[in-house]
Amino acid sequence: MVPSQTQPAGDGVGRPQSDADQGQKVIALVDDDRNILTTVSIALQAEGFATRLYSDGEAALKALLENPPDLAVFDIKMPRMDGMQLLRELRKHSALPVIFLTSKDDEEDEEAGLEQGADDYIAKPFSLRLLLVRIRAILRRSAALADDADPGKVTDKEDPVGTLARGKLLMDPARHHVSWDGRPVSLTVTEFLILEALAVRPGVIKSRNQLMDAAYTEDMFVDDRTVDSHIKRMRRKFRSVDGEFSAIETLYGAGYSFTDG
């Protein structure tokens with residue numbers, strides 16, 4: 001049975017008016033697998049979120065644009081309009097935070113989705129705990145960025161407590177904000193946590209397992225290629241603002257380290 005705060009997934013449209021009345025954060029779920037929709041929806045509602053369920057990418061796109069939720073989670077592999085097409089069309093009109101679901105070890109999907117503007121990705125099969133961690137982190141980041149963009153919002157921007165400065169690198173964990181030599185670098189939540197684990201102790205070698213422990217906050221298997229893919233994407237992003245970037249070093253057979261020299 002689909003939770004009461006949504007209409008059945010086959011209808012393609014949730015009930016947003018109740019979400020607003022309850023003041024809950026609203027998460028849209030888009031997947032053609034009804035079991036995944038129901039299971040994830042129940043878990044999110046148990047954590048205090050409201051949910052809207054969509055089993056069709058075309059219907060989801062119309063609803064996401066007309067009545068945006070706070071965040072969307074959708075699968076890449078769907079009939080009619082797949083998740084990549086949905087993300088591409090959504091990004092033409094909206095900066096809505098998006099987490100997308102990929103097949104295990106499908107690096108092409110991960111690369112393409114992040115380049116299209118997804119905020120993060122999770123490979124199937126995934127744990128509900130991991131999904132909740134990612135959702136909360138991205139919502140915190142979105143709220144902090146919204147505060148920064150509001151000229152009438154009173155914030156303590158002069159207080160540097162909690163920021164991490166390493167040479168040209170500046171990280172603000174509360175906002176998941178990263179800059180290099182004063183220029184912003186957009187990282188996914190996963191990338192941010194890996195970089196933070198490296199930058200906290202410059203020069204110290206962190207193994208792939210240690211970096212995944214920092215990024216995923218739970219015991220789960222992630223192979224070496226996934227860790228390397230995150231590092232490769234981060235380097236590419238930093239080199240887009242500084243062609244000489246070399247602060248993330250590879251120690252072959254051991255792992256990675258960060259140098260602020």
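Tryptophan 180 and phenylalanine 238 are both buried in this predicted model. Tryptophan 180 belongs to strand β8 (residues 177-180) and phenylalanine 238 to helix α9 (residues 224-239), so that distant parts of the chain, 58 residues apart, are linked by the pair. Their rings meet edge-to-face, with 5.8 Å from centre to centre and 80 degrees between the planes. The edge-to-face label is given because the angle is over 60 degrees. Ring pairs also bring in Phe245, which forms a cluster with Trp180 and Phe238.

The count of aromatic pairs in the structure is four. Another of them joins phenylalanine 100 and tyrosine 121, whose ring centres are 6.0 Å apart and whose planes differ by 35 degrees, a tilted arrangement. Phenylalanine 100 sits in strand β4 (residues 98-102) and tyrosine 121 in strand β5 (residues 120-123), so this pair ties together parts that are 21 residues apart in sequence. Phenylalanine 100 and tyrosine 121 are both buried.

These pairs belong to a chain with nine helices and eleven strands. Of its 261 residues, 49% count as buried. Among contacts with a separation of 6 or more, 62% are between residues 24 or more positions apart. The chain exposes about 12,500 Å², and 50% of that area comes from carbon and sulfur atoms.

The interior also holds empty space. Two cavities of 30 Å³ or more are found in the structure, and the largest of them has about 60 Å³ of space. Which residues line the largest cavity? They are Leu29, Val30, Asp31, Ile36, Leu37, Val40, Val73, Phe74, Asp75, Leu101, Phe126 and Leu131. Three elements, β1 (26-30), α2 (34-46) and β3 (71-75), each contribute at least two residues to this lining. By class, the lining of the largest cavity has ten nonpolar residues, two charged ones and no polar ones. The charged class is represented by Asp31 and Asp75. Strand β4, which carries phenylalanine 100, spans residues 98-102, and Leu101 is one of the residues lining the cavity.

The backbone has some less common torsions. Most residues other than glycine have a negative phi. Arginine 80 has a positive phi, near 65 degrees, and is not a glycine. Arginine 80 lies in the loop between β3 and α4 (83-91). Is arginine 80 buried or exposed? Its relative accessibility is 61%, so arginine 80 counts as exposed; the cut-off for that class is over 50%.

Aspartate 181 is also not a glycine, and its phi is positive at about 55 degrees. Its place is the loop between β8 and β9 (183-184). With a relative accessibility of 43%, aspartate 181 counts as partly exposed. Strand β8, at one side of this loop, is the strand that holds tryptophan 180.

A last site is lysine 62, in helix α3 (residues 57-66). Lysine 62 counts as exposed because its relative accessibility is 51%, where exposed means over 50%. In sequence, lysine 62 and leucine 90 are 28 residues apart, and their C-alpha atoms are 9.2 Å apart in space.

Terms used: Residues are numbered from 1 along each chain as its sequence is written. This is a predicted model: local features need pLDDT of at least 70, side-chain atom pairs count only at pLDDT 80 or more; totals for chains, interfaces and linings use all residues. Side-chain values use heavy atoms; hydrogens and water are left out. Helices (H or I, at least four residues) and strands (E, at least two) are DSSP runs, numbered from the N terminus. Buried means under 20% relative accessible area, exposed over 50%, partly exposed in between (1.4 Å probe, protein chains only). Contact means heavy atoms within 4.5 Å. Accessible areas come from the Shrake-Rupley method with a 1.4 Å probe; for residues, only the protein chains shown count as cover. Rings of Phe, Tyr and Trp (its six-membered ring) pair if their centres lie within 6.5 Å; planes under 30 degrees apart count as stacked, over 60 as edge-to-face and the rest as tilted. On a 1 Å grid over the protein atoms alone, a cavity is a set of points where a 1.4 Å probe fits but cannot get out, and a pocket is an open set with protein on both sides within 12 Å along at least five of seven lines; lining residues have an atom within 4 Å of a point. Grid points are joined across faces, edges and corners, and a volume is the space filled by probe spheres set on the points.
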